[in-house]
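User: Hey, I'm new to this one. Can you walk me through a few bits of it?
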Amino acid sequence: MVAATFVPLGYIVSTLVSTGWNETAHLIFRPRVGELLRNTAELVVLTVPICVALGVGLAWIVERTDVPGAAWWGPIFAAPLAVPAFVNSYGWVSAIPSLHGLWAAVIVATVSYFPLVYLPAAATLRRLDPAVEESARALGSGPVAVFARVVLPQLRLAILGGGLLISLHLLAEYGAFAMIRFDTFTTAIFEQYQSSFAGAAGSTLSGVLVVLCLVLLAGESAVRGRARYARIGGGAQRGANRIRLGLGRIPMFALLTGALAATLGVPLWTIGRWLKIGGSAVWDTGEIGESLGQTLGLAVTAAVITTLCAFPVAWIAVRSTSRFARIIEGANYITSSLPGIVVALALVTVSIRWLPALYQTAATILAAYTLMFLPRALVSVRAGLAQVPVGLEEASQVLGKSPAATFFRVTLRLTAPAAAAAAAMVFVAVATELTATLLLAPNGTRTLAMQFWQLSGELDYAAAAPYALIMIIASVPVTYLLFTQSRKAAGL
């Protein structure tokens, strides 16, 4: 698995070596690269803090206050993950035609990716021992002080992991930024590959993306540190008492409603307008049913495979502090920082040259999904394993249980909510993935995202609307199962 993560990187390196140092240096040290670097850096620096503040703030309001409808807000704020960023982008451009540039990119990226912080933050808040917060209040700390001194430090893994994922998505996103005419490394890479299938300029820009990813990984690793987040003992077997907002319930409810309107209201309004214009003629049940079936099949299979692959990597990352463990963990993030087209081209090259039997097969596209979305599963599984006390596993083995039995009866049981979150996030990512699927899908494959992109590219937005709507609806049962599983596990 670790060797497979280096296939896309090896593809880039081999292309750069064949290009030669002089040509590579010429392609890197030019004004265009500086412009792309500035745009990408500004996008990350502005978007990630906004997403963290929004994700943690919404999670705290939903999980810790008596805001009206708290039971419903949780799955609602996970649903934006089902809306592809390029659908969000078109929705906002349709609502505000003049929207373009850096702040347009920040808006679209925020409404698309803040759930990557919200989901792990909400899951962590449900598992925290409320006795610690109650003790802080008894000692005279107010709600703000309790949150800053007790709750927020326990959210470090969720915040850092979610922030890292958002940063990597910003490095790899293409469709959303292309629609709002904001140039990043990824949009430039696509332009280069469109002009020359395996051009040196595109590979050079991909190499710069790898360097940016290494910088992000080093920063996240340094801030994360080696602190442990497991608790000894069962803690309080109950949820935390919700803070009574009083008259503050009105502005809090208004805040949640505004966030809902920005994240789901805009794309749903746009899709609704398309459906109204198209009428019943756009509902080709045969094509839509086939696309839905293929999408669900790929998404479910990829979610299971990716979550299973995340367990050994997360285990090494949590239980070992060696440099080798950090390399194994970081290798997965490097691959995910690359645009889907780069990963796809690397796998196409490998399959054609060395494994022709796998070319344009389901195995190749599932491998691409695993390489691209393993970090989504890894962040959740790692956070879950970090909260499993090692003493419980040791006690199980002292009582005569084998390591395998200990894993299934103790470790896996305690990490089940995290694994469910991991599988759900991978499912949604695969169900809405586009670029790698276009290149690697076997003949006859027509996923919902592929159909939407094809029809919208032909400016037939009405015909594309049903596919966008079904992509969103498909996330509802996954989101419901995710939150149900998390709440069941909160009492463990």
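User: Let's start with Glu-35. Is it buried, partly exposed or exposed?
Analyst: Glu-35 is partly exposed, because its relative accessible area is 30%. Keep in mind that this is a predicted model.

User: Ok. What do the side chains of Glu-35 and Arg-32 do?
Analyst: They meet in a salt bridge, at 3.4 Å from N to O. Both residues sit in helix H4, which covers residues 31–64, and they are three residues apart, about one turn of the helix.

User: Why does that spacing matter for a helix?
Analyst: An α-helix has 3.6 residues a turn, so residues three or four places apart point the same way.

User: And which other residue does Arg-32 form a salt bridge with?
Analyst: Asp-183, with the closest N and O atoms 3.5 Å apart. That pair links distant parts of the chain: Arg-32 is in helix H4, while Asp-183 is in the loop between helix H12 (175–179) and helix H13 (185–195), 151 residues apart. Through shared partners, Arg-32, Glu-35 and Asp-183 become one salt-bridge network.

User: How exposed are Arg-32 and Asp-183?
Analyst: Arg-32 has a relative accessible area of 25%, so it is partly exposed. Asp-183 is partly exposed as well, at 25% relative accessibility.

User: How many salt bridges does the count come to?
Analyst: Two.

User: Switching topic: how many aromatic pairs are there in the whole structure?
Analyst: A search finds ten. One of them is Trp-73 with Phe-253, which is edge-to-face because the ring centres are 5.8 Å apart and the planes are at 70°. It also links distant parts of the chain, with Trp-73 in helix H5 (residues 70–78) and Phe-253 in helix H15 (residues 249–278), 180 residues apart.

User: Are those two rings buried or exposed?
Analyst: Trp-73 is buried, with a relative accessible area of 7%. Phe-253 is partly exposed, at 36%.

User: What about Trp-274 and Phe-452, how is that pair arranged?
Analyst: That pair is tilted, with 5.9 Å centre to centre and 35° between the planes. Trp-274 lies in helix H15 and Phe-452 in helix H24 (residues 448–457), so the pair ties together parts 178 residues apart in sequence. Both of these residues are buried.

User: Which residues form the aromatic cluster with Trp-73?
Analyst: Phe-77, Phe-114, Tyr-118 and Phe-253 join Trp-73 in one cluster.

User: Back to H24. How many of its residues are buried?
Analyst: Seven of its ten, so H24 is mostly covered. Among the buried ones are Leu-448, Met-450, Gln-451 and Phe-452.

User: What covers them?
Analyst: The cover includes helix H6 (85–95), H15, H16, helix H22 (416–431), helix H23 (435–440) and helix H25 (461–473). Just after H24, Leu-459 takes a positive phi of about 65°.

User: You mentioned H16. Is Phe-311 buried or exposed?
Analyst: Phe-311 is in helix H16, and it counts as buried because its relative accessibility is 11%. Leaving aside neighbours within four places in sequence, its contacts include Val-381, Leu-385 and Phe-407. The C-alpha atoms of Phe-311 and Arg-382 are separated by 7.9 Å, though these residues are 71 apart along the chain.

User: And Leu-308, buried or exposed?
Analyst: Leu-308 is in H16 too, which spans residues 285–319, but it counts as exposed because its relative accessibility is 57%. Together with Val-300 and Val-304, Leu-308 makes a nonpolar surface patch of about 270 Å².

Key: Residues are numbered from 1 along each chain as its sequence is written. This is a predicted model: local features need pLDDT of at least 70, side-chain atom pairs count only at pLDDT 80 or more; totals for chains, interfaces and linings use all residues. Side-chain values use heavy atoms; hydrogens and water are left out. Patches are made of residues with over 30% relative accessible area and no salt bridge: like charges are joined within 9 Å, nonpolar side chains (Val, Leu, Ile, Met, Phe, Trp, Tyr) within 5 Å. Accessible areas come from the Shrake-Rupley method with a 1.4 Å probe; for residues, only the protein chains shown count as cover. A salt bridge is a side-chain nitrogen of Lys or Arg within 4 Å of a carboxyl oxygen of Asp or Glu. Helices (H or I, at least four residues) and strands (E, at least two) are DSSP runs, numbered from the N terminus. Buried means under 20% relative accessible area, exposed over 50%, partly exposed in between (1.4 Å probe, protein chains only). Contact means heavy atoms within 4.5 Å. Rings of Phe, Tyr and Trp (its six-membered ring) pair if their centres lie within 6.5 Å; planes under 30 degrees apart count as stacked, over 60 as edge-to-face and the rest as tilted.
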